[in-house]
Structure formats: C-alpha cells, structure tokens
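Hi everyone, thanks for coming. I'd like to walk you through a structure that may be new to you, so please have the picture in view.

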Amino acid sequence: MRSRAGSLVLAILALGTWAHGDIDDAFRREHEYATRTILCDCGCSPQSVHACACGRAADMRAEMATAIRGGKTGAEVVDGYVARHGEKIRICPTASGFNLLAWLGPGVALLAGAVGSVVVLRRWKDASLAREAATPSSPPAADDPYVARIQEHLREYE
Amino acid sequence: MMAVELGYYGLFVALLASAWATIASMLATVSRERGLQSSAERSLVVSFAFIVVAAVCVEVGFLSNNFRLDYVFHYSSVSQAIPYKIGALWGGQSGSLLLWVMILGAMSTVVLWTNRSKNRALMPVVTAVLGGVVTFFLVLVNFVESPFTLGPPRSDGVGLNPQLKNYWMMIHPPCLYLGYVGFTVPFAFALSALANRRTGDVWFRTTRRWTLFSWFFLGTGILMGSYWAYIELGWGGYWAWDPVENASLMPWLTATAFLHSVMIQEKKGMLKVWNVLLVILTFSLSIFGTFLTRSGIISSVHAFATSNIGPAFGVFLGIVFFGSLVLVILRLPDLKTEARLESLVSREASFVFNNLVLVGIAGTVLFLTTFPMLSEMATGRKVTMGPPIFNLVNIPWALFLLFLMGVGPLIAWRKASASSLRRNFVVPCATGAWVLLAVLLVAPKAYLVGLVDLFRSIASLDVAAAFDGLKIFYPALTFALGAFVLGTVALEFHRGSRARRAQLKESAPVALGRLVWRNKRRYGGYTVHVGIVLIFIGIAGSAAYQKETVQELSPGGVLEVDGYQMRYDGYRLEAVDDHVGAVTLVSLYQDGRRVAALEAEQRFHPNMMFPELRDAFLHAKALHGGDPRVYQDAVARLYPLIRHIEQGAGREVKTPSTEVAIHATMSPLAPTRFGEDFYVIPLWVDPATGSANFRVFVNPMVNFIWIGAFVAFLGAHLAVLPDARERKRLAVTMALEERAVA
C-alpha cells in the first residue's frame, strides 16, 4: 500500500514536473517568436528584440514576457506591437502583397538571369561553331594578324 | 588658430589646383598639348600636398584640444586618449570626407608617377577623371562640410562616440576608404580607354594591381568592421545587414566579379562591355556606399556620421553612373568582340555564372536595402529589412557561388570532356558527398522532419516559412560544398607539384614552393578561395549552432551553458579614461577544470557637458590608486548621481557601452570545440550588490571566419606580388595597342 502511495506521489510529481517543463517550453517558444519577430526600436542597426544588446531591448523582452505570462500568445504580442507602431516594427516584412517582391523578386531575377545566360552562351557557342565551319582548317594564327602578332611576341619572351 | 587658417586656406588652394588639373587635362585631351597635361599633373600633385596640410591642421586641432573648431568639439574631449584623438579625424562627416580626398590625392599622385613614361595617350582623361573626383570632394569639404568651421570658445568637447573607441574601429574606416577610393583608378582608366577608343587589354592590365589592392582593402575593411561589431556591440554576432555594411559589400561583390570576368577578356578577348560595366558599377557602388552612409536616407547604426551632403552625392552619383553608361553606349562598336565559346561546359561558362551570381547577390542586397523606400513609395507603408530576410534570400545563391568556386578551377578552358570531368571531379565530389552524409547522419530525424515541414510550407504557399524551412539544411550544404571546394584546390596544388616532381626531379616542398612562386596569381587566387571557404564554414557553424542564455547572478553564482560552467567571482567599479565601469570577474570551467578567468565590463560614458557630473567623475577618477574602498565608494556614488541628473534633465546624460569577454578554444586537442568562442557580456550590474544579468553565447566555429580572413589575406598578397611574366605581357600588350592605334 505504502509503495503504491509512493508511486502515486512520484507519478504526480513527475507529471507536475513534466507539465511545468511543458509550460516553460511553451513560454519560451512564444517569447522567442515574439522577440525574434519584433524590431528593437532603440534606433541603431536593425536588430530583433531577441538579438539587440541594448537596454531598450531588455525592457522590451521583459514587457513581452509579462504579456505572455499574462496569457497572450507570441502572435498576439506581435499583433499588438504592429497595431501600435505599424508594419515597420516587424524585423522583416510579411511575405504577402507587395512585400512578396522582396521575398521572391531576387530569386526570380537571378533565375531569369541564369536562363538568359544559358541562352547567350548557346548563341555564342553556335556562332563560334558556325565560324569554325566557315573557315578553312588552316591554323587561326595565319588568318588573324592580331593573333599572329600576339603569338610572335609571346614567343619572344617565353 | 594659425593652424586653422592654414588648413582652411590650404583646402581652398587644393580645390583651385584640382579644378585646374581637371580643366587642363580635359583641354589636353582635346588639343593633345603636352604642356597642358604636364600642368594638369603637377596641379593634381600640388592639390594633394595642400590636402595633406589641411589634414595635419585638423589633427593639430585635435591634439591641442582646440574646441573652438566645431569638428574637434564634437569628436574629441580633453580626456580622450591620444590615439582616439588622432583617429577622430574620421569619426565624423567632414573629417571622413577629408580622409577620403587625401587618400584619393595620394593614389592620384602614385598613378601619375608610375605612368609618367607610359600610357601617355590614356593619361589626360585619367587625370581629368581623378581630378574631377578630387574636385568634387574638395567642393564638399570647402563649402558644405568644412572641418574648419569655428564656434564659441569651449573648455571641453563632447568626445568620440564610445563605441568607436576601439582599436579595430580606428583602422577599419581607413581600410575601407582605401578600398572605396582605390576603385577610382580602374574606373578612370576604363573611361579613358573608352574615350580614347583604346579598348584593348592595356587599361585593365595596367590597373590589375590597383583593382586587387582596392578589392583586398575593401574586403579587409569589411572583416575588420565585422570583428569590431563582434567584440564591441555585444550581441554575439558580426554582421547585421545594416545598410552601411551592405554598402561596403556591394562594390566588393562586383569587384570580385570583375576580377574573375577579366580573365576571360585576357584569355579569349570576350566580355569587354561587361568588364567595363563592372568597373563602372563598382565605382558607382563605392560612391553609393558613401551616399548611404552620409545622407541618412536609410536609418543605420552608422548614423553618427550623417549630414546634409546627400543631394550633392546623389547628383554626383547620377553624373558618374549615367555619364559613364552614355560613353559605353557610344563606344559599343569598339567593344564588340567575336564570341569564342566552344562549350557550355567550360571555364568560360562557369565564370559567366560566377559573375551572374556575384552581381545577382550585389543586386539583391541593393534591392533589399532600398526596399523600404520602394515600399513606402508604392504602398505608403514603411517596412523594416532586418537580417532574417537578407539571410534567407541570399544564402541559396551564396551556396551556388560556393559550388562554382569549386567548379571554376578544375573545369577546362574551351571545352571540358566527359573524361576530364570525371578525372577532375570524382575526388572533390566524393569528399563533399561524404561530408554531407556525415553531417546528415548526426541528426537524421531532424533533417527528415525539416524536409517534411519544408514541403508542407511549399504546399501551403507560405513563402516565409518555406525560406525558413530551408535553414536547417544550410550548414550541411555549406560544409559539403566547402569540402568539395577544398578538394578541388588541394587537387590543383597536388597535380601541379606532382608534375614538377616528375619532370624536374624536385623534392615535394621545393616543387610546391616553386609551383606557387612561379604562378603567384593563380595559386594566390586558390589560397583566397580556401580563405573564403573557411569564412563560409565559420558563418554557417556559428549561425546554426549558436547557444545563448541570459541569467541573473549574484557574486558566487554559477550558470551552465553547452558544457561550460561560468562562476561569477565578483566585481569592481572603476572610473578611468572617460567612463565609469562595472567590471565583472568570472571563471570559466569545463569538466570541472578552470579554463579561463575573464573580465567583462559594463560602462557608462558620462556627458561631461554637465558640470556636476564632470566634477564628480573627475573626483572619483583622481582617487584611483589610493584607498580602494574610498575609490569604490566614490565611483558607486556616480550611479545615483547620473540617475538624479537624468531625472532633472529629462534625458540620458550617459552613453552605455560594453566590453565583451571572450574565451576562444583554439586547441586541436579539443577538435569538436575548435574555433569556438565562449562570449559573455553583463547586460546590467547593480553597483551596490554586484548582482549582474549576464548574456552568454557559445559561438561554435566562429574563429574560422577570422582564420579564413587571414588565409585570404595571404592569398591576396601572393596574387598581387610583382610577376616578371605579367610585366612582359603588359609591355607586349602596350606595344600591340600602340601599333594597332598607329
């Protein structure tokens, strides 16, 4: 009987510890989401509240912690800041509307550039092959005085 | 006061001389009059001499505490240490501009001297461009932002921003300026080549060393700035994608692209238009960087040096960029070359992609940096572009660049056959694949979950989450690609030295040494690649595996993080130089063994404009060296005094700063922690009880960044060393061009 009661106490304690750990984890997750999403408004480089080392960031971290302990989620804390300060309080813009240009524009432009480069390189290759086919098989130096001069001079010092 | 007048009039004479140099060289371009060109060149040298006089006069103002000079008043104080008084020259706007124009004057003088008997046909336009840029900056320091503006007599100054009082900050800006300013030389030669219709190889062969020099100093300046941010700003990182950081990165990227693409012009005579455009773009981005730094159009950590010169820079930038573009368009027929490309699988093609990615990343950085302005114009809403979006958008391309860095050296010029691809790439690819597998096997479940999350984000069209989902794979990919690149470089060194050993019967070290010495540019380049790979590895490791904790401790308390135990031993207060500091003393343990004793400090720099505060501070400072208890009490009393004055003034009367303590593990005996930093800062310290709130980071692999920087530094030096074959090649090219023009 005693061992059963002991087991029960232990189980309750374990459950409590687990639950407490879970609460801690949840708090940490929500707090981290909020601090990593919101910009520290100290006015120096664009750093999140999480990363910034200034006193203002410490105040904001504490403010967010209080709000989350008071029952708010990280997203609600972020929404509150955005409502008070506008979109610019987010460390980076949401990936929607006009902001999609910032998220996807560079990648699309680079892919387009890559496709364009392949097209240009293919053209160059085709033009080179066409030229080669059109010219007799004699060494290029004999036909091209510029190349011949270069080769002559390179021979001089090598 | 005599020095002030001398400097003031010296700057004006310098302006007259550089203006004449510009006009005379332009006239010499048209008339081909040698006398005019000589006069222009001499005037530019005279202008430099007077700029030096002016800079010396500003320094005299700093060293003699001449606070009647507004510039000295704002950036110095009686208690400022002498090195920082000297370095305060570039602590603000007008002094930075003066330093810029002084460096440009010095470089112009060197260009004129080294080209006194060569490139004579190019020199009039080169002189006009150099003179024009010098004149622009001299107009600014004479009429818009003069360092010789006088104010009322003052007994003390405000002092340099405390965060700038750091050794690295003293050498980082001059280093950056050497880079920015140096690009003026290739730009001037490129414009001269266009104007004179001498678009052959001479202009870029002549300026190759200048380009490397500028690229090297800009890169070194960027890394020094990163190191300064790491040890001074106290947030555990080294790069924040601040607009001004971005402004220095952009020209460095385009210059890197130029250093690669110019090889194609050398070897194949291709990409002439592209190379000229890259030089123009690099110089324009250097000016744009200064425009961003100084105009304040985008908020930045460098806002300490903003002013009203933005419009002037905007106009100058417009003239430089669009004027140069017009010239390129006018000279397009001269820049046309026969494209000689045999295969898309060739080094030429890989260099084109390398250029695309480098310029693409520079364009992305420019686009994201200026996006807040675009957003406001388009939607009326302000947005912030913080580090996450820069990282998420740029990293995939940076990884592709890393891949190309490995492909470039081993792929053959003209056309790579299947057998040569096999021969060259099997070992590096296998190395990369093994590393990838090893990293993935460390936490296979995490990668699988990450993959599922990534697909889920893509399926739900959640763009930000999809970018975020890629993050988990970046370190593994970076290490694998890094191993691939290191494999290709090692193979190049191995094959080259093996060939020498076989042909010339040299011993292995001799063969390797001679191989490198006789191909300095090539192997210098490979060494730079190794350095860049190490930097990539350092960035990936420190960003992905950083551990952080914030904990309040009383003296005697212990915190644990990632296998370290940190005991807070105690603290002391001090009033030294120009600050009040709470120095925390901590001991660091690993596996019960004490590995380091560290001191991290939280400082306040009191505003000396408040007499009560200044007197109390000086009183406390004077007690240093006497009875320790009396001294500590005097310093402790400064804290409530500061609070009291702040309440009365309604604003802060102190500037906070931190001194980070770092313990680096650099022993090969601890391979899993090699290159790791234990990084600690006190966020606040209670001067009465000593209770302190510590922020601690464990930054794995971060020292690979600085090791990589050093390796790249060595490689760049090797590549820039004089080379007899290069000299001969330049002489032949010049002779050919002279004959072609004749």
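Let's begin with one strand of chain B, β9(B), where seven of the eight residues are buried, so this strand is mostly covered. Keep in mind throughout that what you see is a predicted model.

Where does β9(B) sit? It belongs to an open sheet of four strands in chain B, in the order β1-β9-β8-β7, with antiparallel pairing. The edges of that sheet are β1, residues 547-553, and β7, residues 661-665, each of which pairs on one side only. On average, neighbouring strands here are turned by 15° against each other, ignoring direction.

Now look at the two partners of β9(B). On one hand there is β1(B), joined to β9(B), residues 692-699, by seven bridges, and the two run antiparallel. If you want to trace the pairing, B:Glu548 has B:Phe697 as its bridge partner, and B:Leu553 has B:Ala692.

The other partner is β8(B), residues 676-685, which is also antiparallel to β9(B) and shares eight bridges with it. Find B:Ala692 again: B:Val685 stands opposite this residue. How many residues lie between β8(B) and β9(B) in their hairpin? There are six, and B:Gly690 in the turn has a positive phi of about 85°.

Let's move to a helix in chain B, α17(B), which covers residues 418-442. How far apart should the ends of its 25 residues be? At 1.5 Å a residue we expect a span of 36 Å, and the end C-alpha atoms are 34 Å apart, which agrees. The helix does bend, though, by about 45° at B:Phe425, and a proline, B:Pro428, follows within four residues.

Both of those residues are buried, and so are B:Asn424, B:Thr431, B:Gly432 and B:Val435. Here is a handy thing to remember: an α-helix has 3.6 residues a turn, so residues three or four places apart point the same way. Among the elements that cover the buried residues of α17(B) are α16 (387-410) and α20 (474-504) of chain B.

Just ahead is a residue I'd like you to find, B:Gly386, in the loop between α15 (347-379) and α16 of chain B. Is B:Gly386 buried or exposed? It has 25 other C-beta atoms within 10 Å, and the cut-off for buried is 20 or more, so B:Gly386 counts as buried. Its C-alpha atom is separated by 9.8 Å from that of B:Pro243, although the two are 143 residues apart along the chain. B:Gly386 also touches residues of the other chain, including A:Leu39, A:Pro46, A:Ser48, A:Ile91 and A:Cys92.

That brings us to chain A. Which elements does chain A have? Six helices and zero strands, following the pattern α-α-α-α-α-α along the sequence. Of its 158 residues, 26% are buried.

Finally, how do the two chains meet? The contact takes 44 residues from chain A and 46 residues from chain B. On the chain A side, α2 (55-69), α4 (100-134) and α6 (145-157) each give two or more residues. The most come from α4(A), with 17 residues. By class, this side of chain A has 25 nonpolar, 13 polar and six charged residues.

That's the tour, and I'm happy to go back to any part of the picture.

Notes:
Residues are numbered from 1 along each chain as its sequence is written. Chains are lettered from A and ligands numbered from 1 in the order in which they are written. This is a predicted model: local features need pLDDT of at least 70, side-chain atom pairs count only at pLDDT 80 or more; totals for chains, interfaces and linings use all residues. A residue is buried if 20 or more other C-beta atoms lie within 10 Å of its own, exposed if 12 or fewer, and partly exposed in between; C-beta atoms are placed from the backbone. Two strands pair if DSSP finds at least two bridges between them. Axes are lines fitted to C-alpha atoms, for helices over the stretch in contact, and angles run from 0 to 180 degrees between N-to-C directions. Two residues are in contact if their C-beta atoms, placed from the backbone, lie within 7 Å. Ala, Val, Leu, Ile, Met, Phe, Trp, Tyr, Cys and Pro count as nonpolar, Asp, Glu, Lys and Arg as charged, and the others, Gly among them, as polar. The expected span of a helix is 1.5 Å times one less than its number of residues. The bend at a residue is the angle between axes fitted to the seven residues ending there and the seven starting there.
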